[in-house]
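Visitor: I've got a few "how do you know" questions about this one. Mind walking me through it?

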Amino acid sequence: MRTTLVSCLPLLAVIGLPLFAQRPVGGLTESAFKDQPYQKPQNCLPCHQRQFDEMRTSVKSGYRSVSPLFNGLETSGNFLNGGLLRPVYADSTKTTTDATGKVIPFNTNMFTTRDYVNVNQVRAGFCFSCHNGPIERNGDNPAAREVPELAGTGPNFVPELFRPLRDYHFVDASGNQVLPATIGGDPPPGATPSIGANAIHCDICHNIGGADLSRSLQADGIGNNSVLFNHTVEKVGPFLQPVAVKGDFHVASNNPEKIAFLRSSAFCNACHDVRVPTALPGDLQHFENDVNAGGQNVTYYRLENLSTEWQLGAYNSTNNPFGKVIRCQDCHMSNFPYGGNSTYTVGDLNITSPTPAQFFTNYAAVPGGVSTEQNFPLQQRKVVNHHFTGVDVPLLYTSELQARVDPTYPDAYQPGVDEYGIPLALAQRRQDLLDAAVRISLAKTDTTAKLGQIFTVRAECVALTGHRFPAGFSQERTGYIQLSVTDDNGFLLYQSGYVVDKPHPETGELQPDGNLSDEDNEHIHAVVDPGNHNRDPTKPYPNGSTANAGHTNQVFEAGPDDGSDARLFFGFNEGLVLFRNELTRIALPGQGIGRTDASGKAIVVTKPHYEETFSAALANTVDNFRSLQPLVPHTYSYDITLPTQAELAELGITSIKAPLHVHAQINYEHFPPLFVRFLIRTTGPNGPSGHDLGLLSEQRLDDLLKSLPALATADTTVNVQE
Amino acid sequence: MTKQVSRIAFLPLFVVGALAQSSPPAPLVTPSSTYVPGVTFQTTNPNYFMPNPFYFEGRVDWNLLKITQPANPWDYMQRGLHEQDELGDTAGAIADYQMAVSMNNLANNTCQLVTVVPTGPINPPPCIFTVRLRLAGLLRDSDPTQAISLYQDVLNIDPLHLGVNAAIGEVYTTMAEAATDPATAQNLYQQAITAYQAELALSPVTPLQTQVTGDTANNAHVHWSLAEIYAKLGQSANEMSELNLYLQATKWHSDTYVWHIQLAKKRLAAADRARRSTH
């Protein structure tokens, strides 16, 4: 070993010098080890087969970079603001201003900026910086750059030339970047995925150096990928005193601070709050800015708020049913929810649910001389799994994942279980995880009802999560109560949380298709403007004859099950109980809302007007409290009026038959179909680019967007007095 | 042991490489020695909102606010929301909502209607609509006139706010049903009709809407309510028109009271039979 290294020293030193000289300055931590380019996960596979196999079934790895929804969302944001979400790099000639108004070079992005002084530094590479931060940092070296800087942004933006991020994640046999022949087209023949195609993979997480306080807007290492990353052979694992790695492919870190960080929720928290840069004055209902020096003009609103929810929640304490801190890893990297159950009480609800923080015993690397120097024997110990099961399943067909990420990419619906009995299928694990997330009870419902009068159904719900339910992109992730009241003959007296099979002409579905997973709840009816490409290219983007950048609501009206606003604002006990946070656009005096009145005249508000928006880029405030708080039961009432005897007679019914049957269930959908349809249209041929970017379609939505009914259910009966 | 050898062997290389740099990169930030994963967190409560300039028009879980004693209208509103929604304490909620309204009121210049684009905090602050909607909802039975006044205040704050006109229509309808004088009832019903029609005007069914959704009507519940009023006023043609619109509005959206759809069809059929028998 010593001989090998010593003999390599001159060569490594020669190689190392230019590497050091080119080292980009942003986002690096100090590591006393030699530089090493980020490795594809396949390079980790020989020694960490189990972890590789587990990771490949998650959406975090690979799918996250090529996801049509992620790419569509990033694209739509750029269409609205003129490409400001694309990264700039060290060689950029653009400029911006600091808090004092001084013009400064604009050549660092969200990931490589050391101290933010302008909101555009956070915008630059905003999405890419979390999904592929270290790869973005590599882009400061033009030879290693995957996603180019846009030549024209803002008024100079050219949407017709705009490519989705995933177009840039291909290389040829020589490792040189190749692009699809057409914008948004199929993978180039013979191309293989680039390192960036792998998104969050082994070499991202295991290169961590610690919290990056200056890039976290509250100086606490939470949110927006505020992590320091190594770029070296030092790989951080969960164990102190690790053994030497065969062939010195890497060095297993023995740094206790880095190891402790990797094992903590703080590591996950660094990305799982997302704070969206918003120009002054920022969030119109909640002023927050970068508290670091010079950051006073860097304002934002909170999109993903998951880490803050955990940080201030019961799981980050011993005051929870398990009597100890429950980390992110304890549910998302353990054998949860397959490690046995616990029974406990929350409020007046008796709960039986899976126990977190149960881990299998195994080797951390392949034993038998495969992974250790000098065949040093490995010991078995408690290990994490790398399933990272969450609330998503891919909106890509398996063949597409295999073409864009890895030829062995597994089917999210594959049969079978692993050596521990855990389903191989991501879809099944998602179902099981969500089944463990929430409970409902109808025990407090009125026991008696009368014809022609109101009786009250009370649905008590509790989330059993370490964050709110739903969490993450919680303004689109959707949980809701489906409730029905029938008489003993099956006569439907009331329903809420129902969906109706209907046409969707805006995306080409002209007749109902029999699929209910592509239908929205009936609390509102909304259609989002995708924008268009009918612009005058000689004028600043997006101006033109009838051009607009979209994102406003073309249709927005209350539906018959309008419970979310009726309950929150009006205090009425009626309609849909919706566990979904809300992006809001406050239209200010003089601004249009994107619709016309009955005479066809554009509506321009004279007073501030609040309206839900389905565009994170258009939102200027947010309500993150509509989701269900963890471990705090909440009761939702439904005041339901039974028909009168006269109304029954009109219907030809003598009387309703007792007892009434009340059924409630909590359903889940990972994205509202109307949100997906917005992205279908804005990335389609009639959107701002003028051509189909190959991301989303009604067919894809129908095939792959799968709602999950009945995560939890409850039933009760009600007597009837005539 | 092997590990130690390996690291020691690398040290000279690192030193050589580091010295070779003309300007060694500094770390972005030197992690504070006091940084503790999972403990280090922002010093302010992120769940307590600083208006900018608008108050947060929603409900924050009371236990997250850490308010010991309400100090401003928003605090009182939040406590009222907690009392109404979690504790079922209607009286307490009304008292706190009234306190909030008194502290955020045009009459005493403690709030303002925003008519120009604000660039930051404004004084007095904007008027809050949620507390007025909530208070109106709790006063509908006991003081319907006050409830309508509060709803109209909300329309002054945001004339486009959906559901407010319909709520006014509901209160007028309830008042009409309770009226003993037919003329008074007729007048109240007419005011209810006006309010419901104002609601419909906020979300007209435009040709674009029909193109992208296939819908030819919307606001099913408003049409149902109007039909019921017209039935009470004996205006059969208007009633049938509204029932037709109700059926159009529910064609692709059904209804919470799905039996209303069957009832509408029965009533339209009965009216049609009556019309045929007359002619």
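**Bridges and bonds**

Guide: Sure. Let's start with a salt bridge between the side chains of B:Arg267 and A:Glu650, with N and O 2.8 Å apart. Bear in mind that this is a predicted model.

Visitor: What makes B:Arg267 and A:Glu650 a salt bridge?

Guide: The cut-off is 4 Å from a Lys or Arg side-chain nitrogen to an Asp or Glu carboxyl oxygen. At 2.8 Å, B:Arg267 and A:Glu650 meet it, so the pair counts. Across the interface of chain A and chain B, the rule finds two salt bridges.

Visitor: And why is the link of B:Cys111 and B:Cys127 called a disulfide?

Guide: Their sulfurs sit 2.0 Å apart, and the limit is 2.5 Å, so the pair passes. B:Cys111 and B:Cys127 both lie in the loop between α4 and α5 of chain B, 16 residues apart. Over all chains, the count is one disulfide.

Visitor: Why is A:Cys205 not bonded to A:Cys271?

Guide: Because the two sulfurs are 8.1 Å apart, too far for a bond, and A:Cys271 holds the closest cysteine sulfur to A:Cys205. A:Cys271 is in no disulfide either: its nearest cysteine sulfur, in A:Cys130, is 4.7 Å away.

Visitor: How do you know whether A:Cys205 is buried or exposed?

Guide: Buried means under 20% relative accessible area, so A:Cys205, at 17%, is buried. A:Cys271 has 23%, which makes it partly exposed, since that class runs from 20% to 50%.

Visitor: How much area is buried between chain A and chain B?

Guide: About 9,200 Å², with 64% from carbon and sulfur atoms. A:Phe569, A:Phe570 and A:Phe625 supply 8% of what chain A buries there, more than any other three residues.

How values were computed
Residues numbered from 1 in each chain as written. Chains lettered and ligands numbered in written order. Predicted model: local features only at pLDDT ≥ 70, side-chain atom pairs only at ≥ 80, totals over all residues. Heavy atoms only, no water. Helix = DSSP H or I, 4+ residues; strand = E, 2+ residues; numbered from the N terminus. Buried < 20%, exposed > 50% of the residue type's maximum accessible area, 1.4 Å probe, protein only. Buried area = accessible area lost by both parts, 1.4 Å probe.
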